Amino acid sequence: MSCLVYISIQPRMTRSVLFAMLLLLSIFATAQDKYTVNGYVKDASNGEELIGVTIYIPQIKAGTITNAYGFYSITLPSGTYEMQYSYVGYTPHTITIAVEKNIAYNVEMVSEATLIKEIVILDKPIDENVTSLQMSKNTLDMEQVRKLPALFGEVDIIKNIQMLPGVLTAGEGTSSFYVRGGSADQNLILIDEAPIYDPSHLFGLFSVFNADVIKDSELYKGGIPARFGGRLSSILEVRTKDGNNKEFGVSGGIGTMASRVMVEGPLKKDKSSFIVSARRSYVDLFLKAANQDNLVYFYDINAKVNWKHNNNNRFFAAFYSGRDDFKFSNEFGFAWGNKTATFRWNHLFNDRLFSNTSIIASNFDYKLELQDAVQGFKWTSNLQELSIKNDLTYFINTKNELSFGYHLTGRRFSPGSISPNTAGSIFSDVELQRMYALDHGLYVSDQQRLSDRITIDYGVRLSIFQNVGSSDVYLYDDPQDNIDISRTDTVHYGAWENIKTYVNLEPRLALRYIFADGQSVKLSYNRMVQNTHLIAAGTVPVPFNTWNPSGYYLEPQLADQVAAGYFRNLKDNTYEFSAEVYYKDIKNVTDFADNADIFFNQDLSTEFRQGKAWAYGLELMVTKREGKLTGAIGYTLSKAMRKVSGVNLDRAFAANYDRRNVVNIQAAYDMNAKWTFGANFTYSSGRPTTLPTGKFAYQNYNPDVITERNGYRLPAFHRLDLSATLTPKKNANRKWHGQWVFSVYNAYNRQNPFTIYTRTAKNEDGDVIGDGRTKEARMIYLFPILPSVTYNFKF
């Protein structure tokens with residue numbers, strides 16, 4: 001049996017290999033009589049590791065920061081040093097250490113409770129906007145997010161991500177987002193390192209992320225580190241809390257549409273802890289009370305345990321399960337959900353080598369069901385994956401930090417099976433064949449401080465993707481013949497037999513130059529490869545879309561992005577300003593032929609079309625971090641285009657999510673210790689849509705005539721949301737603390753179009769006008785003004 005191997009060999013690939021070899025040869029030089037100080041930095045009140053704490057040593061005018069697991073390591077010549085630990089919202093910690101041997105030093109930092117109302121506690125250094133090497137990255141401040149308006153009172157990080165520069169939304173009622181000209185399936189969404197394939201609840205009214213349990217979340221839009229791969233446009237990394245290892249606590253909230261509860265506490269004080277949270281909507285209870293035989297609900301469950309064996313070994317286990325279920329009069333129903341599980345082991349091999357090993361499982365599935373004596377059926381589909389990852393960081397010295405690792409993921413694609421659910425159904429058991437893939441990723445990168453002003457990060461990721469059996473590959477005379485599709489042969493591949501292999505190098509580069517007066521410029525380049533393709537029928541992703549791997553008829557999607565930015569902090573870091581420009585070029589972007597049949601199509605590969613896409617834009621942002629009034633103003637000017645052979649008569653067309661101008665404003669005002677007011681305003685120019693230009697007569701039919709894909713645009717989208725939060729004065733003698741949140745969504749009742757469709761024109765009485773050939777456009781709107789009340793509690 002033959003197999004096909006595709007290796008992308010280009011001049012830049014040879015240079016990248018040489019580049020990686022020189023990197024490894026140049027960074028391992030170390031001096032004698034040097035010792036390492038390392039440890040973990042935690043919150044003294046609950047034991048949670050703190051991410052991004054700055055450790056600064058005045059004697060050498062250098063330092064480091066804690067990583068995603070709260071760990072730091074710094075190597076110094078023998079001597080006596082002052083080590084300064086600083087973190088916004090926490091009392092600085094300073095210690096003098098005689099470094100004459102390797103030292104493990106853990107720090108517990110105390111929150112500045114007396115200043116809690118005057119500052120914002122951020123998961124990053126106060127001047128990170130300027131000093132950080134990373135550009136095109138946004139870290140969500142959960143304390144600030146909770147002050148802002150939320151639909152039905154449910155704090156939602158996805159809705160806040162959609163307010164960031166460079167991030168677009170398809171409109172209301174969706175958790176999908178589009179980053180710098182990429183489609184929604186080109187975003188990798190992770191919770192505790194496990195992928196989420198559909199982040200929506202109730203078709204996007206809410207996301208799968210329960211804000212109560214979230215510890216940290218970061219969105220990478222560009223300059224993506226080499227440890228990430230698998231998607232073209234962005235990485236959304238969400239980490240959940242580890243659980244309070246000092247004392248037990250309960251918190252939650254009762255809202256208009258859903259309620260939630262969270263329990264956390266120590267299993268063994270200072271050694272082990274747990275956290276469990278649950279959330280459920282109760283629309284179905286209202287419907288039942290109204291004697292309606294319908295079921296509409298969603299739920300989330302998050303759980304996590306951790307155990308510190310010693311300072312060199314820590315273990316974590318995290319679990320997530322979420323599901324939506326809809327049933328209407330016991331006749332028709334559908335459901336979808338995500339499940340993930342992560343086991344993580346943090347290990348110190350020595351004072352400088354930190355390792356994180358993870359075993360990750362993920363499952364996404366959906367089902368459709370119709371109860372009918374003649375046409376009854378049940379449809380199911382799922383995507384499962386199992387991964388093992390080993391990420392290592394070697395803290396060479398104060399100027400070099402080496403990261404490297406290996407990731408292996410196995411995926412099983414089950415695009416659909418249909419079966420009868422009644423004895424007299426016209427349907428029979430049919431299953432689309434399953435597909436299997438192995439995805440390997442090896443990477444190495446070095447973050448190097450060349451001087452006090454210049455820092456670079458350079459690396460490369462090697463992607464090896466294998467489409468494997470057991471599977472049948474259908475052969476055709478011309479798989480893209482739109483008139484006559486007929487199979488000429490079938491080739492069978494046995495279990496684990498290689499069908500096709502794709503090998504690609506993904507170079508990454510980032511550079512930062514700091515000016516003397518609190519300003520910096522940053523540059524970045526990254527190549528990304530994606531081997532999973534969304535099979536979608538419409539503009540807005542819905543849970544009933546399926547995924548296909550790269551293989552015999554689908555090549556990997558490749559994206560090259562360059563970005564440059566200017567960053568400045570003003571008035572003692574009170575204000576942050578950033579301006580970024582980018583250009584992204586995408587090859588083998590996946591689309592479908594005009595009028596494609598993608599529903600339960602055994603020959604779906606004949607509908608695939610691949611072409612190119614490009615996007616460019618300008619992103620401006622001003623953020624105020626301190627004071628009674630905090631917030632951000634963002635503006636995006638962008639363009640996203642596609643050109644695919646066999647689509648739109650081979651002409652370029654605007655992407656479905658192309659919005660040229662977007663303005664977002666967020667503000668929170670702490671009036672006093674009791675009242676906080678919040679507001680969100682968003683404006684975006686209308687997105688493209690495809691409409692028929694007329695009809696023509698064909699026998700007894702009048703088909704639509706479509707002359708251009710995305711040739712029309714919907715009206716502009718804009719909306720204002722308001723909120724007020726009442727936090728009663730705490731009683732020192734009571735453990736119970738409560739908070740009321742009042743929100744108004746779409747405060748001025750704007751009718752924003754969700755989508756548009758055409759129908760035969762009718763008069764006011766509902767009668768067809770003329771011969772029925774005249775068409776009229778109709779818009780669908782989702783949400784009018786929606787007030788809500790939420791009560792949050794903690795004890």
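Among contacts (heavy atoms within 4.5 Å) between residues at least 6 apart in sequence, 66% join residues at least 24 apart. The model is predicted, so local features need pLDDT of at least 70 and side-chain atom pairs count only at pLDDT 80 or more, while totals for chains, interfaces and linings use all residues. Residues are numbered from 1 along each chain as its sequence is written, and side-chain values use heavy atoms, with hydrogens and water left out.

The chain has five helices and 52 strands; helices (H or I, at least four residues) and strands (E, at least two) are DSSP runs, numbered from the N terminus. Of its 795 residues, 55% are buried, where buried means under 20% relative accessible area, exposed over 50%, and partly exposed in between (1.4 Å probe, protein chains only).

A good place to begin inside the chain is the largest nonpolar core, with 32 residues. Such a core is a set of buried Ala, Val, Leu, Ile, Met, Phe, Trp, Tyr and Cys residues joined through side-chain atoms within 4.5 Å. Leu-202, Phe-206 and Trp-379 have the most contacts inside this core, and the elements giving it two or more residues are β22 (294-310), β24 (332-348), β25 (353-370), β26 (377-397), β27 (400-419) and β29 (435-449). Not counting residues up to four places away in sequence, Leu-202 touches Met-257, Val-296, Phe-298, Asp-324, Phe-326 and Trp-336. A second, separate core of 24 residues includes Val-155, Leu-164, Phe-177 and Phe-209. In soluble globular proteins, nonpolar side chains tend to be buried together.

Turning to the sheets, two strands pair if DSSP finds at least two bridges between them. An open sheet of five strands follows the order β10-β17-β18-β13-β14, with mixed pairing. At its edges stand β10 (137-139) and β14 (194-195), each with a single partner strand, so one side of each is left without a neighbour in the sheet. Within this sheet, β13 (residues 187-191) and β18 (residues 234-240) run parallel and are joined by five bridges, with Ile-191 opposite Val-238 in β18.

Elsewhere, β31 (residues 471-476) has five of its six residues buried, so this strand is largely enclosed by the rest of the structure. Strand β31 pairs with β32 (residues 487-493) in the antiparallel sense over six bridges, and Val-473 has Val-491 in β32 as its bridge partner.

Finally, Trp-345 lies in strand β24 and is partly exposed, with a relative accessible area of 30%.
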